[in-house]
Every structure is written in structure tokens, then in C-alpha cells.
Amino acid sequence: MTAQDEVRVRFRSCLDDVAAYKPGRPPERTDGRPTYKLSSNENPYPPLPGVLAAATEAAADMNRYPDMGAFDLLEALSEKLGVPVSDLALGTGSVAVLYHLLQASVSEGDEVVYAWRSFEAYPIAVQLTGATSVQVPLTADARHDFKAMEAALTERTRAVLVCSPNNPTGPVVHRDELLTFLDAVPADVIVVLDEAYYEFIRDPEAFDGVEVYRDRPNVVVLRTFSKAYGLAGFRIGYAIAHPPMVAAIRKCALPFGVSQIAQAAALASLRAEDELLERVEALVTERTRVVQELRASGWDVPESHANFVWMPLGDETVAFSEAVQAEGVSVRPFPGEGARVTIGERAANDLFLEVACAWRQSEVAGTPTAR
């Protein structure tokens with residue numbers, strides 16, 4: 001008998017059905033040709049020199065604990081967003097802030113409502129509290145169905161999660177539909193507005209979470225430095241909410257969770273925001289090109305306002321993912337539903353489009369050679 005066989009420690013029953021989060025699969029190739037990872041929502045651009053220098057300088061003090069209060073970064077965010085420091089909370093990525101918020105507000109017997117499919121960390125975060133996920137199917141055009149979400153609210157509902165643009169499908173939530181929905185949500189139910197891809201939105205009808213939260217004490221806005229700012233490897237995100245909500249998040253946060261290196265890089269990124277947003281604009285241009293070429297070849301892809309596109313493949317999802325993987329491009333498959341494809345550098349997008357367009361043409365011709 002091994003030591004593993006002798007373990008008799010009991011764990012919480014809610015862990016029994018928790019599926020581990022699956023990271024994006026890296027591309028595989030053995031013939032020496034370039035490979036591209038479009039399976040994770042990462043920014044393809046390398047760090048700006050000033051940001052890299054700030055992180056490197058901060059690394060010299062790695063023997064010291066970081067500033068737990070993150071005073072400089074919170075002050076910079078406060079000035080940028082026009083909100084008081086008391087309305088801001090940091091975490092190791094916006095998903096960590098979500099975990100802290102749910103830990104503070106949700107427990108066994110409660111329900112959390114959100115659209116599905118959406119960010120795959122949502123069901124994990126909910127299950128770890130012991131609460132129940134209430135997943136409301138997206139509409140046929142991959143958007144939130146707010147009428148159905150309103151109908152799903154019960155006396156057990158403690159939180160609602162709204163991902164806009166929705167990950168992994170891409171559409172953005174419009175301001176008028178969100179406000180109508182918020183009017184129907186009881187004041188004691190938390191509404192999380194997950195805006196991880198906020199900087200990529202170009203729809204004038206989209207809501208701005210910072211403006212929404214000001215008059216809504218039950219609204220929490222989540223944003224991140226991982227996508228537009230290119231700091232995915234440093235894990236730093238934040239919440240914008242009224243002080244009682246921020247206080248609850250901070251109580252559940254891991255002490256010294258956000259490293260000094262991450263804080264320094266985020267602060268430098270805010271100072272270099274104009275240059276970083278030029279990169280975002282270039283990715284938005286590439287996103288538009290990719291969507292246009294996919295649609296021109298016959299693909300019915302939803303409008304995206306994130307840094308990715310959604311391929312509604314259904315039962316062919318795995319086969320398609322393997323086809324692009326064979327050409328050196330990894331995408332994020334959701335078997336039976338579709339694949340999410342991050343917008344990367346132009347060469348990566350071109351290779352993906354080559355395979356996707358050939359796949360679609362073979363489908364139309366009835367000769368599935370792309371498989």
C-alpha cells in the first residue's frame with residue numbers, strides 16, 4: 001500500500017464535480033516551420049522597453065514583500081478612471097478578484113446566474129463556494145439573453161455574472177439592455193460586469209462599467225492588465241465597486257498576492273497607455289480583417305468586440321482544431337460547440353485563415369479533404 005492509498009483526509013463535497021481549468025494548448029510541430037499559439041487570449045506584442053525596464057528594476061527587490069496596499073498603482077488607477085481609491089481592489093488577475101468576491105458573498109444553497117457558454121472559470125468559481133450555477137443559454141447569435149436571465153432569478157440568487165464582450169463568443173452587451181436588466185435585479189443581488197476585453201470594444205452602444213457602477217451600489221466591475229496591456233504573465237486585475245463591496249473583496253484576498261514586479265509593470269503600462277492602445281487598435285484592425293475574410297468564405301461567425309473570434313463548429317470542433325493544429329496553429333476548442341481563435345500577429349492570422357477557408361470550401365463542395 002502506498003502513502004497515496006492511505007490518505008483518509010476529507011475534502012469538501014463541492015470539489016467532487018469541479019473540473020480543473022484548462023489552459024490553452026500550445027502548438028506542436030516537428031518540421032521546423034513557425035508555430036502560433038492562438039488558444040490563449042494573449043497579446044502577441046512583446047513588452048514595451050519602458051515596461052520591461054520597470055519590471056526588471058522591481059525584480060531587484062524580490063527578497064522583500066510587495067506593497068500590500070499598492071498605493072502608487074491604486075492612485076494611478078483612481079486618476080485614470082475618475083473613482084476614489086476606496087472603490088478599487090486589486091488581485092492576481094480579474095478572475096482572482098471574482099473568486100474573492102464570490103467567497104465573500106455566496107455560500108451553499110445560494111445561486112449564481114450567468115450566460116452560457118461564457119468564461120469557463122465561472123462554474124469553477126461558483127462550485128468552490130458550494131453554491132449552484134444557473135446557466136442561461138446564449139441567443140442564436142451568441143449574445144446574452146437577458147429576458148431568460150431575468151426569468152432565472154429566484155429568492156436564492158445572490159450574484160449575476162455578465163461577461164462583455166462575452167468570452168468565448170465575442171458579442172458585446174449594449175447599455176440599454178443592461179440597464180433594463182439591472183432594474184429588474186433585486187438590490188441585494190450582486191451584479192458582476194466582467195470587462196476583461198473593454199479596450200477592444202468599438203461598438204458605440206456598448207456600456208461602460210465605470211459609468212454604470214456609479215449609481216448602482218450592487219454592481220462590481222472587473223478589468224485586467226492581461227489583455228490590452230500585455231501583462232498576462234504577471235497576473236494583475238482589479239475591481240471597481242462601492243466601498244462595502246471593496247472591503248469584502250480585500251478581506252478575502254491573499255495577503256501580498258500582487259507582486260511588486262506586477263505593480264511596477266502595471267504602473268509603467270498606464271504611463272505608456274497611448275502606445276499600448278495603438279497596439280490594441282492594430283489588433284482591432286486585424287480582428288476586422290479576419291472576420292471579413294471568414295464571412296467571405298462562408299463562415300457564419302458572430303460579431304466580436306474582443307481580441308478573438310468564435311467559430312461555431314458544433315460536432316466538428318475537435319476535427320477542425322486538429323486540422324489547424326496540424327498546420328502549426330493552436331486554437332481553443334470547446335467540443336460540441338465551437339472554437340475560440342485569438343487574434344495574433346498577421347502571419348498567425350494568415351495561416352489560420354488559410355486552413356479555415358480551405359475547410360469551409362471543402363464543406364461546401366462535400367469533399368472534407370481539410371480533415
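This passage walks through some salt bridges, a run of paired strands and one annotated lysine in a predicted model.

Start with the charged side chains. Side chains of opposite charge can pair when their charged atoms come close. The structure holds 17 salt bridges in total, and a few of them are worth a look here. One joins Lys37 to Glu42, with 3.5 Å between the closest N and O atoms. Lys37 is partly exposed, at 32% relative accessibility, and Glu42 is partly exposed too, with a relative accessible area of 32%.

Another salt bridge brings Arg156 and Glu111 together, with an N to O distance of 3.5 Å. Arg156 sits in the loop between α6 (146–151) and β5 (157–163), while Glu111 belongs to strand β3 (residues 111–116), so this pair ties together parts of the chain that are 45 residues apart in sequence. The two partners sit in different surroundings as far as accessibility goes: Arg156 is partly exposed, at 36%, whereas Glu111 is buried, with a relative accessible area of 11%. The cut-off that matters here is 20%, since a residue counts as buried under that value.

Then there is the salt bridge between Asp350 and Arg346, at 4.0 Å from N to O. Both residues lie in helix α13 (residues 346–365), and because they are four residues apart there, about one helical turn separates them. Asp350 is partly exposed, at 34% relative accessibility, and Arg346 is partly exposed as well, with a value of 48%. This pair doesn't stand alone: salt bridges with shared partners link Glu286, Arg289, Glu293, Arg346 and Asp350 into one network.

Now for the strands, with β5 as the place to begin. Six of the seven residues of β5 are buried, so the rest of the structure largely encloses this strand. What does β5 pair with? One partner is β3, and the two strands run in the parallel sense, with four bridges between them. Within this pairing, Val112 stands opposite Ala159 of β5. Strand β3 has come up already, as the home of Glu111.

Strand β6 (residues 190–194) also pairs with β5; the two run parallel and are joined by five bridges. Here Leu161 has Val192 in β6 as its bridge partner. To get from β5 to β6, the chain passes through helix α7 (residues 175–184), and the resulting β-α-β crossover is right-handed.

The last stop is Lys227. The UniProt record, an unreviewed entry, annotates this position as "modified residue: N6-(pyridoxal phosphate)lysine". Where does Lys227 lie in the model? Its place is the loop between β7 (219–224) and β8 (237–240). Is Lys227 buried or exposed? With 16% relative accessibility, Lys227 counts as buried, because the cut-off for that class is under 20%.

As for its surroundings, setting aside neighbours within four places in sequence, Lys227 is in contact with Asn41, Asn43, Ala196, Tyr197 and Phe200. Asn41 comes up a second time when polar atoms are considered: its backbone oxygen lies 3.4 Å from a polar atom of the Lys227 side chain.

Note on methods:
Residues numbered from 1 in each chain as written. Predicted model: local features only at pLDDT ≥ 70, side-chain atom pairs only at ≥ 80, totals over all residues. Heavy atoms only, no water. Salt bridge = Lys/Arg side-chain N within 4 Å of Asp/Glu carboxyl O. Buried < 20%, exposed > 50% of the residue type's maximum accessible area, 1.4 Å probe, protein only. Pairing = 2+ DSSP bridges. Right-handed = clockwise from strand over helix to strand, strands pointing away. UniProt positions renumbered as here; feature names shortened; annotations may be inferred. Contact = heavy atoms within 4.5 Å. Polar contact = N/O pair within 3.5 Å; in protein donor to acceptor, adjacent residues only side chain to side chain.
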